Amino acid sequence: MAATVGSSRSGLARRFTQRVGEPPMAYLAARRVGLAAELLHETDATVGSVARKVGSSNAFTLGVAFKRYHGITPTEHRAAALRAGGTSS
């Protein structure tokens, strides 16, 4: 990506952090976890399938990141959403 815009990786990371407020990889991780949370709430797709859809390497990796951001596992998140009246179809 940095080469596409004619920048070094460190320069791109610095500018990204200044404009967005967090480093590119942290932003990407948070974005993936957020998208996974939506998919777990709105669909009945497996955690592995959701992991692949959001660009995570596997269900375990997504689960670790998900727990870091939300404090619960993806499966616990889905169960809580169902208890709260969410739809999973």
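User: What makes up the largest nonpolar core, and how many residues does this core hold in all?

Analyst: In this predicted model, the largest nonpolar core has 12 residues in all, namely Val33, Ala36, Ala37, Leu40, Ala45, Val47, Val50, Ala51, Val54, Leu62, Ala65 and Phe66. The elements that contribute two or more residues to this core are helix H2 (24-42), H3 and H4, and H2 gives the most, with four residues. A set of this kind is called a nonpolar core because its members are buried residues of nonpolar types that are joined through side-chain atoms within 4.5 Å.

User: Which residues does Val50, one of the members of that core, touch beyond four places away in sequence?

Analyst: Leaving aside residues up to four places away in sequence, Val50 touches Ala36, Leu39, Leu40, Ala45 and Leu62.

User: What makes the buried residues of H2 lie on the same side of the helix?

Analyst: The buried residues of H2 are Val33, Ala36, Ala37 and Leu40. They cover an arc of only 105° around the axis, and that is why they fall on the same side of H2. In general, an α-helix has 3.6 residues a turn, so residues three or four places apart point the same way. The buried residues of H2 pack against H3, H4 and helix H5 (74-83).

User: How do you know that the lengths of H1, H2 and H4 agree with what is expected at 1.5 Å a residue?

Analyst: The 19 residues of H2 reach 27 Å from the first C-alpha to the last, which is close to the 27 Å expected at 1.5 Å a residue. For H1, whose 12 residues should span 16 Å, the end C-alpha atoms are 16 Å apart, and therefore the span agrees. H4 also has 12 residues and an expected span of 16 Å, and its end C-alpha atoms are 16 Å apart, so this helix agrees as well.

User: What is found at the ends of H1 and H4?

Analyst: H1 is followed by Gly21, which has a positive phi near 100°, and H4 is followed by Gly71, whose phi is positive and near 80°. At the N-terminal end of H4, Asn58 acts as a cap, with a side-chain oxygen 3.0 Å from the backbone nitrogen of Phe60. Within H4, the buried residues are Leu62, Gly63, Ala65 and Phe66, and the buried residues of this helix pack against H2, H3 and H5.

User: Why is Ser56 called buried or exposed, and where is its place?

Analyst: Ser56 has a relative accessibility of 12%, and because buried means under 20%, this residue counts as buried. Its place is in the loop between helix H3 (47-53) and helix H4 (59-70). The side chain of Ser56 reaches the backbone nitrogen of Leu62 at 3.4 Å, a value within the 3.5 Å limit, so the pair is a polar contact. Not counting residues up to four places away in sequence, Ser56 touches Arg32, Ala51, Thr61 and Leu62.

User: Why are Met1 and Thr4 called buried or exposed?

Analyst: The relative accessible area is 72% for Met1 and 70% for Thr4. Exposed means over 50%, and therefore Met1 and Thr4 are exposed. Met1 has its place in the segment before helix H1 (9-20), and Thr4 is found in the segment before H1. Met1 and Leu12, which are 11 residues apart in sequence, are 8.5 Å apart in space from C-alpha to C-alpha, while the C-alpha atoms of Thr4 and Thr43, 39 residues apart along the chain, are separated by 36 Å.

User: How do you know whether Thr17 is buried, exposed or partly exposed?

Analyst: Thr17 has a relative accessible area of 29%, which falls between the 20% and 50% cut-offs, so this residue is partly exposed. Thr17 is found in helix H1, and its side chain reaches the backbone oxygen of Ala13 at 2.8 Å. Leaving out residues up to four places away in sequence, Thr17 touches Glu22, Pro23 and Pro24.

User: How do you know whether the protein is a compact globule or more spread out?

Analyst: The protein has five helices and zero strands, following the pattern α-α-α-α-α along the sequence. Its radius of gyration is 16 Å, well over the 12 Å that the globule rule gives for 89 residues, and therefore the protein is more spread out than a compact globule. The C-alpha atoms fill a box of roughly 50 × 20 × 20 Å along the principal axes. Of the 89 residues, 27% count as buried.

Note on methods
Residues are numbered from 1 along each chain as its sequence is written. Side-chain values use heavy atoms; hydrogens and water are left out. Buried means under 20% relative accessible area, exposed over 50%, partly exposed in between (1.4 Å probe, protein chains only). A polar contact is a pair of N or O atoms within 3.5 Å; within protein, one must be able to donate a hydrogen and the other to accept it, and residues adjacent in sequence count only if both atoms are side-chain atoms. Contact means heavy atoms within 4.5 Å. The expected span of a helix is 1.5 Å times one less than its number of residues. The arc is that of the directions from the helix axis to the C-beta atoms. The radius of gyration is taken over C-alpha atoms; the globule rule is 2.2 Å times the number of residues to the power 0.38.
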